[in-house]
Amino acid sequence: MRNLEINYWLHSILSILLGPCEVSTARKSESVRSFERMGCSLGSPKFKRFRFSEDGATAVEFALIAPALIFLTFAIVESGIAFAADILLKNATYDAARTGRTGFVSEDSTQDATVKAKIRSQAGVLMDVDKLVITSMSYKGFDVLKKPEPFTDKNGNGVRDDGENFTDVNGNGAYDLDQGANGYGGTAQVVLYTVTYPWTFHTPVLKQIVGNNGTVELTATAVVQNEPY
Ligand SMILES: [Ca+2]
Ligand SMILES: [Ca+2]
């Protein structure tokens with residue numbers, strides 16, 4: 001009796017896998033008959049068409065790769081915007097430096113306000129102007145750009161030690177490793193303009209790649225020699 005039921009079960013499983021079957025009229029339990037009916041149903045030509053149908057496969061595949069595609073699209077778009085912001089910042093800095101070298105000052109304004117307003121008006125298209133950091137340092141010539149103030153190296157160790165005399169080029173009363181003076185300089189002086197901006201990425205994958213909580217510092221510099229104004 002037990003072997004008979006096992007044979008019926010195997011027969012039903014084979015029916016599911018191999019095709020349609022007939023409900024046996026032999027002696028069998030109700031559970032076996034139910035399983036046989038299911039086997040006949042699942043093994044029917046209709047179910048076979050369902051099993052081997054490829055309809056909807058594209059939708060399923062898209063559902064699987066959609067998240068990756070969305071992340072990739074956001075990453076590309078956001079990288080493009082950051083790249084555009086970097087170019088915008090460089091152009092704004094260069095234009096402001098060209099204005100600064102002429103000594104032009106807007107009506108009822110100062111040179112500092114005029115230069116910074118020019119940078120902010122351009123960079124403001126993509127950036128929060130309150131986060132812009134704008135500095136300018138003037139030098140007597142290109143050859144001393146970002147060079148330390150000269151000093152007398154009494155002990156010959158190559159560095160300026162306390163007590164060693166130095167020339168206070170920028171006139172701030174202290175020895176500096178960068179002899180530039182804050183401001184826009186005077187006639188024929190060389191001026192270095194530096195503008196930085198903390199650009200933040202929001203796409204999760206990009207934030208992980210960039211680090212620093214997704215923030216990078218965009219930097220633009222421009223060096224010009226003032227006109228003899
Ligand atoms: Ca020394
Ligand atoms: Ca100094």
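The bend at a residue is the angle between axes fitted to the seven residues ending there and the seven starting there. That is the angle meant in the second legend below, and the model in all of these views is predicted.

**View 1. The whole chain, for orientation.** Welcome to the fold: the protein has six helices and four strands. Starting from the N terminus, its elements follow the order α-α-α-α-α-β-β-β-α-β. Buried residues make up 18% of the 229 in the protein. Among contacts with a separation of 6 or more, 63% are between residues 24 or more positions apart.

**View 2. Helix α4 and its bend.** Helix α4 covers residues 57–102, 46 residues in total. From first C-alpha to last, α4 reaches 67 Å, close to the 68 Å expected at 1.5 Å a residue. Follow the helix to I65, where α4 bends by about 45°. A proline, P67, comes within four residues after that point. Just beyond the end of α4, look for G103, which has a positive phi of about 80°.

**View 3. The buried residues of α4.** Which residues of α4 are buried? They are L89, A92, T93, A96, A97, G100 and R101. An α-helix has 3.6 residues a turn, so residues three or four places apart point the same way. With that in mind, the spacing of A92, A96 and G100, all buried, is worth tracing along α4. The cover over the buried residues includes α5 (111–123), β3 (190–200) and β4 (215–225). Helix α4 lies across β3 and β4, and runs at about 25° to β4.

**View 4. R98, a partly exposed residue of α4.** R98 also belongs to helix α4. Is R98 buried or partly exposed? R98 counts as partly exposed, because it has 14 C-beta neighbours inside 10 Å, while a buried residue needs 20 or more. Across from it, V224 is 126 residues away in sequence, yet the two C-alpha atoms are 7.2 Å apart in space.

**View 5. The four-stranded sheet.** The strands form an open sheet in the order β2-β1-β3-β4, and their pairing is antiparallel. At the edges stand β2 (181–182) and β4, each with a single partner strand, so one side of each has no neighbour in the sheet. Strands of a sheet pair through backbone hydrogen bonds, either parallel or antiparallel. Here β3 and β4 run antiparallel and are joined by 11 bridges, while β1 and β3 pair in the antiparallel sense over seven bridges.

**View 6. Partners across the strands.** Some residue pairs make handy landmarks on the sheet. T194 has T221, in β4, as its bridge partner. L192 stands opposite V223, again in β4. On the pairing of β1 with β3, the bridge partner of S138 is V191, which is in β3.

**View 7. The largest nonpolar core.** This core contains 24 residues, and those with the most contacts inside it are L89, I119, L132, V195 and Y197. At least two residues of the core come from each of α4, α5, β1 (133–139), β3 and β4. Which element gives the largest share? That is β3, with six residues. I119 makes a good place to begin exploring: leaving out residues up to four places away in sequence, I119 touches A92, T93, A96, L132, I134 and V195.

**View 8. R160 in the loop between β1 and β2.** This loop is where R160 is found. With 19 C-beta neighbours inside 10 Å, R160 counts as partly exposed. Setting aside residues up to four places away in sequence, R160 touches F151, F166 and Y175. E149 is 11 residues from R160 along the chain, and their C-alpha atoms are separated by 9.6 Å.

**View 9. Q189 in the loop between β2 and β3.** Our last stop is Q189, in the loop between β2 and β3. Its 18 C-beta neighbours inside 10 Å make Q189 partly exposed. Residues up to four places away in sequence aside, Q189 touches S138, Y139, K140 and N226. Q189 and N226 are 37 residues apart in sequence, with 5.4 Å between their C-alpha atoms.

Note on methods
Residues numbered from 1 in each chain as written. Chains lettered and ligands numbered in written order. Predicted model: local features only at pLDDT ≥ 70, side-chain atom pairs only at ≥ 80, totals over all residues. Expected span 1.5 Å × (residues − 1). Buried ≥ 20, exposed ≤ 12 C-beta atoms within 10 Å, placed from the backbone. Contact = placed C-beta atoms within 7 Å. Pairing = 2+ DSSP bridges. Axes fitted to C-alpha atoms, helices over the stretch in contact; angles between N-to-C directions. Core = buried A, V, L, I, M, F, W, Y, C linked by C-beta atoms within 7 Å.
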